[in-house]
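The exercises below are meant to be worked with the sequence and the coordinates side by side. Please attempt each task before reading the solution that follows.

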Amino acid sequence: VAFTTEKEELRGQERRNERRLDYLAGVASFKAVLLEGLEVVFIVIALAAGRGVRLPLSAAAFAACALVALGGVLLHRPLTRVPENALKFAVGAMLSAFGLFWTSEGFGVHWPGADLAILAFIALFLGTGLACCALLNRRTSAAKTAS
Amino acid sequence: MTNLIVSLRELAGLFVEDGALALAITVVVVVAGIVAAVAPALSWLSGVILVCGCLGVLIGNVATARRN
């Protein structure tokens with residue numbers, strides 16, 4: 001729903017002012033980069049807090065950023081062929097699993113298998129999401145057949 | 001002024017795409033946090049609340065989106 005809303009909004013802006021397409025693309029990219037950048041900053045601060053490893057973690061974050069930028073430059077053509085929604089779905093499941101794990105660690109929860117529990121959470125979120133999608137598709141098909 | 005409001009909305013939209021979903025997740029985290037603070041010996045209960053709560057919120061959100 002969010003993806004469709006955002007797409008329609010951008011299409012509307014495109015229709016209203018076609019000459020400013022580059023500006024719109026720049027703003028959309030800037031928003032994405034700002035959000036991901038803030039996430040990296042929060043993660044580095046959270047992991048480095050009280051451990052005195054802020055500098056190495058910051059360097060690692062910069063190195064990861066450079067690596068991702070290089071990957072983007074080298075692989076931008078094949079990357080455009082990756083289904084966007086599938087990519088978002090996978091990333092969403094991973095982020096949810098990491099968030100759940102770190103939040104529970106903050107509350108003093110110790111999961112069986114320690115960090116390996118993250119893999120179980122990813123599987124859990126992926127499974128639940130896929131089950132929801134399958135259920136929705138089945139209901140939509142049934143509704144179409146009935147009408 | 002309008003541009004400022006639009007900019008602020010855009011900025012908030014970066015973090016909150018779906019207000020109801022964000023609120024529900026916040027409630028789950030707060031409840032788990034309260035349980036962890038009140039009964040540190042039952043920290044596993046916080047984990048159960050987080051896992052079941054997040055999955056429940058996800059399913060509820062999908063069901064609501066389907067209805068709308």
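**Exercise 1: two aromatic pairs**

Trp102(A) has a relative accessibility of 38% and therefore counts as partly exposed, a class lying between buried, under 20% relative accessible area, and exposed, over 50% (1.4 Å probe, protein chains only). The model is a predicted one, in which local features need pLDDT of at least 70 and side-chain atom pairs count only at pLDDT 80 or more, while totals for chains, interfaces and linings use all residues. Residues are numbered from 1 along each chain as its sequence is written, chains are lettered from A and ligands numbered from 1 in the order in which they are written, and side-chain values use heavy atoms, with hydrogens and water left out.

*Task.* Find the aromatic pairs over all chains of the structure, and describe the geometry of each.

*Solution.* Rings of Phe, Tyr and Trp (its six-membered ring) pair if their centres lie within 6.5 Å, and planes under 30 degrees apart count as stacked, over 60 as edge-to-face and the rest as tilted. The search of the whole structure gives 2 aromatic pairs. Phe98(A) and Trp102(A) form a tilted pair, 5.5 Å centre to centre with 40 degrees between the planes; these residues are 4 apart in helix H4 of chain A, and so about one helical turn separates them. Helices here are DSSP runs (H or I, at least four residues; strands are E, at least two), numbered from the N terminus. Phe98(A), at 28% relative accessibility, is partly exposed. Trp111(A) and Phe121(A) have ring centres 5.0 Å apart and planes at 85 degrees, so this pair is edge-to-face. Because Trp111(A) lies in the loop between H4 and H5 of chain A and Phe121(A) in helix H5, the pair ties together parts 10 residues apart in sequence. Trp111(A) is buried at 19% relative accessibility, and Phe121(A) is buried at 6%.

**Exercise 2: the largest nonpolar core**

*Task.* Which elements give two or more residues to the largest nonpolar core?

*Solution.* A nonpolar core is a set of buried Ala, Val, Leu, Ile, Met, Phe, Trp, Tyr and Cys residues joined through side-chain atoms within 4.5 Å. The largest has 18 residues, and those with the most contacts inside it include Leu100(A), Trp111(A), Phe121(A) and Val51(B). The contributing elements are helices H4 (84-106) and H5 (117-146) of chain A, together with H2 (19-38) and H3 (43-67) of chain B. Leaving aside neighbours within four places in sequence, Leu100(A) is in contact (heavy atoms within 4.5 Å) with Phe121(A), Phe125(A), Leu50(B), Val51(B) and Cys54(B).
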